[in-house]
Every structure is written in C-alpha cells, then in structure tokens.
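Got your viewer ready? Please load the model, switch to a cartoon view, and keep the selection box handy.

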Amino acid sequence: MLFRSAANGTLQMLLMALLAVLLALDPRSHQRLLTAITPNFYRPRVQVLMRESREALGGWLAGMTLSAMAVFLTTWAGLALLHLPLALLSALLCGLLTFVPTIGPTLGTLVPMGVALLLVSPGKMVEVLVLRLVLQNLEAFLLTPLLLSRTVNLLPTVSLVSQLSLGVLLGLPG
C-alpha cells in the first residue's frame, strides 16, 4: 500500500513536470486553444485574464529568483563564516530549492547539516541548523513577501496571513 502511494505520487509529479514543460514550450498554441473553446461572448475577458496571469507569473518568477539569489548568497556567507566544507555547493542547493514550495528549504537545509555532521562535528551541525533557521525565516516571512509585493503586487500582509492560516489549517502541507 505504501509503495503504491509513493509510486502514484512520483508518477503524478513526473506527469505534472512534463505538462509544465510542454506548456512552456508552446504557450501560444495553448492560449489559442483555450480561446477557441471559450464562448464568443467571453473570449475578450479570457484573453485579458491570460495576459494578466502571464504578467503575474512573470513577476512571481522574478521575485522568487531574487529571493533564491539572496538565500544563496547569505547561506554561502554564513557557511563560509562557519568554515564548513562544500559551503558554495551547499548554498547553491539551498538557493535552488527555494523554488520548491514547502519542502524545498527543509531539503536544502539537510545538505549542509549532513556535511557538517559527517565532515566536521555534531556541534557544527547545530550551528548550521541555527544559521539556516534564521535565514529561512527571514526569507520566508520578510524578504519574499516584500519582493512579491513589488513584483506581483501582492501585499506582504496577505501573503503572511495566508501562510499562517494554511499552516494552522493544514499543518506541514499548508
């Protein structure tokens, strides 16, 4: 049962990734298809919604890219100050995983913690954990909401309230 659930989840993630790639490769054809299947009366509104969605997603991507760069640079500086081996590689992974919602930052934190535990000491692992917790909370609750308020026109308070509400309602997935 557990294997079936894991296999199903993995297959769904792969199919979603494939769908995203296919949509990204030829967005104009898909926009024309959506417009064509929309009743004539609603077509102008659908075209406006698609344009606004494209602009919002572009703003989100710009904001998240800036956030990922900040995570990379601050993590690299912090790990270098802690004299952690493989600081650059660990920081790069932390920055890239910023794009993965919910579990990305946690997975990114596990790598430098593992490096610290295996190559240095358990005490260094705790220092890395504290560094990443501080940086991650600053990024998630301060930097990203501020960046998204400028790039997507999303108020930071709306972003924070939604994060807190979903966290309370759904726990970790929220």
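What follows is a walk through this model, one selection at a time.

**Stop 1: the whole chain**

Before zooming in, bear in mind that this is a predicted model. Colour by secondary structure and you should get seven helices and zero strands. Reading along the sequence, the pattern is simply α-α-α-α-α-α-α. If you colour by burial instead, 26% of the 174 residues in the chain count as buried.

**Stop 2: a cluster of arginines**

Select Arg28, Arg32, Arg51 and Arg54 and show their side chains. Together these arginines make up a positive surface patch. Which elements give two or more residues to the positive patch? They are helix 2 (27–36) and helix 3 (43–81). Now centre on Arg54, which sits in helix 3. Arg54 has a relative accessibility of 38%, so it counts as partly exposed.

**Stop 3: the aromatic pairs**

How many aromatic pairs does the structure hold? There are two. Start with Phe41 and Tyr42, whose rings are arranged edge-to-face, with 5.1 Å centre to centre and 80° between the planes. Turn on the surface here: Phe41 counts as exposed because its relative accessibility is 70%. Its partner Tyr42 has a relative accessible area of 48% and is partly exposed.

Next, select Phe72 and Trp76. This pair is stacked, at 5.7 Å centre to centre and with 20° between the planes. An angle under 30 degrees is what counts as stacked here, so 20° qualifies. Both residues belong to helix 3, and at four residues apart they are about one turn of the helix from each other. Is Phe72 buried or exposed? With 15% relative accessibility, Phe72 counts as buried. Trp76, at 36%, is partly exposed.

Stay on Phe72 in helix 3 for a moment and add Gly95 to the selection. The two are 23 residues apart along the chain, yet their C-alpha atoms are separated by 4.4 Å.

**Stop 4: the loop between helix 3 and helix 4**

Now select His83 and Leu86. Both have their place in the loop between helix 3 and helix 4. Check the backbone torsions: what is phi of His83 near? It is near 60°, a positive value in a residue other than glycine. Leu86 likewise has a positive phi near 60°. Why stop for that? Because most residues other than glycine have a negative phi.

As for their surroundings, His83 counts as exposed at 68% relative accessibility. Leu86 counts as partly exposed at 48%.

**Stop 5: a nonpolar patch**

Keep Leu86 selected and add Leu89, Leu92, Leu96, Leu117, Leu118, Leu119 and Val120. You are now looking at a nonpolar patch on the surface, with about 800 Å² of accessible area together. Two elements each give two or more residues to this patch: helix 4 (87–96) and helix 5 (104–119). Click on Leu118 in helix 5. Leu118 has a relative accessible area of 73%, so it is exposed.

For a contrast, pick Ala87, which is found in helix 4. Ala87 counts as buried, because its relative accessibility is 9%. Then add Val115 and draw a distance: the C-alpha atoms of Ala87 and Val115 are separated by 9.1 Å, while along the chain the residues are 28 apart.

**Stop 6: the salt bridge**

How many salt bridges does a search of the whole structure find? The answer is one. Select Lys124 and Glu127, whose side chains meet at 3.3 Å, N to O. Both are in helix 6 (residues 122–151), and because they are three residues apart, about one helical turn separates them.

Which of the two labels, buried or exposed, fits Lys124? Lys124 is buried, with a relative accessible area of 17%. Glu127, by comparison, counts as partly exposed at 38% relative accessibility.

**Back to the overview**

Zoom out and keep three selections lit: the arginines of the positive patch, the nonpolar patch on the surface, and the salt bridge between Lys124 and Glu127.

Notes:
Residues are numbered from 1 along each chain as its sequence is written. Side-chain values use heavy atoms; hydrogens and water are left out. Patches are made of residues with over 30% relative accessible area and no salt bridge: like charges are joined within 9 Å, nonpolar side chains (Val, Leu, Ile, Met, Phe, Trp, Tyr) within 5 Å. Accessible areas come from the Shrake-Rupley method with a 1.4 Å probe; for residues, only the protein chains shown count as cover. A salt bridge is a side-chain nitrogen of Lys or Arg within 4 Å of a carboxyl oxygen of Asp or Glu. Lys and Arg count as positive and Asp and Glu as negative; His and the chain ends are not counted. The place of a charge is taken as NZ of Lys, CZ of Arg, CG of Asp or CD of Glu. Buried means under 20% relative accessible area, exposed over 50%, partly exposed in between (1.4 Å probe, protein chains only). Rings of Phe, Tyr and Trp (its six-membered ring) pair if their centres lie within 6.5 Å; planes under 30 degrees apart count as stacked, over 60 as edge-to-face and the rest as tilted.
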